[in-house]
Amino acid sequence: MEDVYAREMVVRYTDIDRYGRLAVMEVPMITQDMLTEYYGTLGADNGTMKGKCNAAWVITKMKLRFGKLPVWMGRMTVSACMIKKDGIRMVVEIKATDEDGNMVFTGDFENCAIDLSARRIRRISTTCIQENVRLYEGDASFDKIPGEFADTDLVSELAVNWYDIDFTRHTNNTRYIDYLLRTMDPAYLTAKRITGLDVNFMKESREGDLLAIYRRTDGDTASFQIRKDGAEILRARVCFTDETEK
């Protein structure tokens, strides 16, 4: 068992944005893969969990901060370790640095296990995770995200498609981020750079579900809510700054 999982990555051409840097939208996918691989070192990746205890990990909260994003063919070291573990929640910290030691991104991910039949949260002690996983120092807290939205804040409605569904048979968390950013003005996104992304995942959605997306903007901060059948399933906040590379 490894207490810290780390590996080297190279920024591929398909990973870059219009400026030739690692695209912000690629980072949630990188961190999702890192979570899977990290849990694999603990003998508790979702494939193993499904077969041995009919459970799977889901992300319930995400906090990402972005630094100096490497360019095409740039190398970075990405690491994952656990900073919190209680009865039903674990927080894994994922960090990436470039070849010069600059911070590329940092992320904290709260995870819970769900029973794949009952679709309810399971206690960690009933999963494949070992009891002696080492905890490292870190800030396991998550910022409060505003959740008050009016009918006039509705900006989009869409149906979950079959390709949005992942191994756990619900909408993959990376797809929600795509849903949110698609509601924003492309000219604004071109003029800005994302510095922070916070998401609370509250309930599941499935193929065919109709989702309503709400958005409020305050300066360089956009807050979002997604509802299904009138019930809140997600809230998020994206922070921007002016783009300096043209």
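This is a guided walk through a predicted model, one selection at a time.

**Stop 1: strand 5**

Start by selecting residues 103–115, which make up strand 5. Of its 13 residues, 11 are buried, so the rest of the structure largely encloses this strand. Keep strand 5 coloured, as the next few stops look at its partners.

**Stop 2: strand 2 alongside strand 5**

Add residues 55–66, which are strand 2. Strand 2 and strand 5 run antiparallel and are joined by 11 bridges. To check the register, show Trp57 and look across to its bridge partner in strand 5, Ala113. Then go to Arg65, which has Thr106 of strand 5 opposite it. How many of the residues of strand 2 are buried? The count is 10 of 12, so strand 2, too, is largely enclosed by the rest of the structure.

**Stop 3: strand 8, the other pairing of strand 2**

Now bring in residues 192–201, strand 8, which runs antiparallel to strand 2 and is joined to it by five bridges. A handy pair to display here is Lys63 with its bridge partner in strand 8, Asp198.

**Stop 4: strand 4 and its hairpin**

Go back to strand 5 and add strand 4, residues 90–98. Eight bridges hold this antiparallel pair together on the DSSP count. Pick Val92 and you'll find Phe109 of strand 5 as its bridge partner. Next, follow the chain into the hairpin between strand 4 and strand 5, where four residues separate the strands. Select Gly101 there: its phi is positive, near 85 degrees.

**Stop 5: strand 6 and a second hairpin**

Strand 6 is short to select: residues 121–122. Two bridges join strand 6 to strand 5, and the two run antiparallel. Ala113 turns up again here, this time with Arg122 of strand 6 as its bridge partner. The hairpin of strand 5 and strand 6 has five residues between the strands, and Arg119 in it takes a positive phi near 60 degrees.

**Stop 6: helix 2**

Select residues 46–53 for helix 2 and show the side chains of Asn46, Met49 and Cys53, which are buried. Why do these residues sit on the same side of helix 2? They cover an arc of only 75 degrees around the axis, which places them together on one side. That fits the usual geometry: with 3.6 residues a turn in an α-helix, residues three or four places apart point the same way.

Now display the strands around the helix. The buried residues of helix 2 pack against strand 2, strand 5 and strand 6. Rotate to the face turned away from the buried side, and you'll meet the exposed residues Gly51 and Lys52.

Both ends of the helix deserve a click. At the N-terminal end, Asp45 acts as a cap, with a side-chain oxygen 3.1 Å from the backbone nitrogen of Gly47. After helix 2 comes Asn54, with a positive phi near 55 degrees.

**Stop 7: two more positive phi values**

Most residues other than glycine have a negative phi. Two loop residues are worth selecting with that in mind.

- Met73 has a positive phi near 75 degrees. Look for Met73 in the loop between strand 2 and strand 3. Is Met73 buried or exposed? At 53% relative accessibility, it counts as exposed.
- Arg169 has a positive phi of about 70 degrees. You'll find Arg169 in the loop between strand 7 (154–159) and helix 3 (173–181).

**Stop 8: Glu26 in helix 1**

Jump to helix 1, residues 26–41, and select Glu26. Glu26 is buried but has no salt bridge. Which side chain of opposite charge is nearest to Glu26? That is Arg12, at 4.7 Å. The salt-bridge cut-off is 4 Å. Leaving aside residues up to four places away in sequence, Glu26 touches Thr14 and Asp15.

**Stop 9: Ser223 in strand 10**

Finish at residues 221–228, strand 10, with Ser223 selected. Ser223 counts as buried because its relative accessibility is 9%, and the cut-off for buried is under 20%. Beyond residues up to four places away in sequence, Ser223 touches several others, including Pro146, Phe149, Tyr214 and Ala236. For a last distance label, join the C-alpha atoms of Ser223 and Arg235: these residues are 12 apart in sequence and 7.5 Å apart in space.

How values were computed:
Residues numbered from 1 in each chain as written. Predicted model: local features only at pLDDT ≥ 70, side-chain atom pairs only at ≥ 80, totals over all residues. Heavy atoms only, no water. Buried < 20%, exposed > 50% of the residue type's maximum accessible area, 1.4 Å probe, protein only. Arc of directions from axis to C-beta. Contact = heavy atoms within 4.5 Å. Polar contact = N/O pair within 3.5 Å; in protein donor to acceptor, adjacent residues only side chain to side chain. Lys, Arg positive; Asp, Glu negative; His and termini not counted. Pairing = 2+ DSSP bridges.
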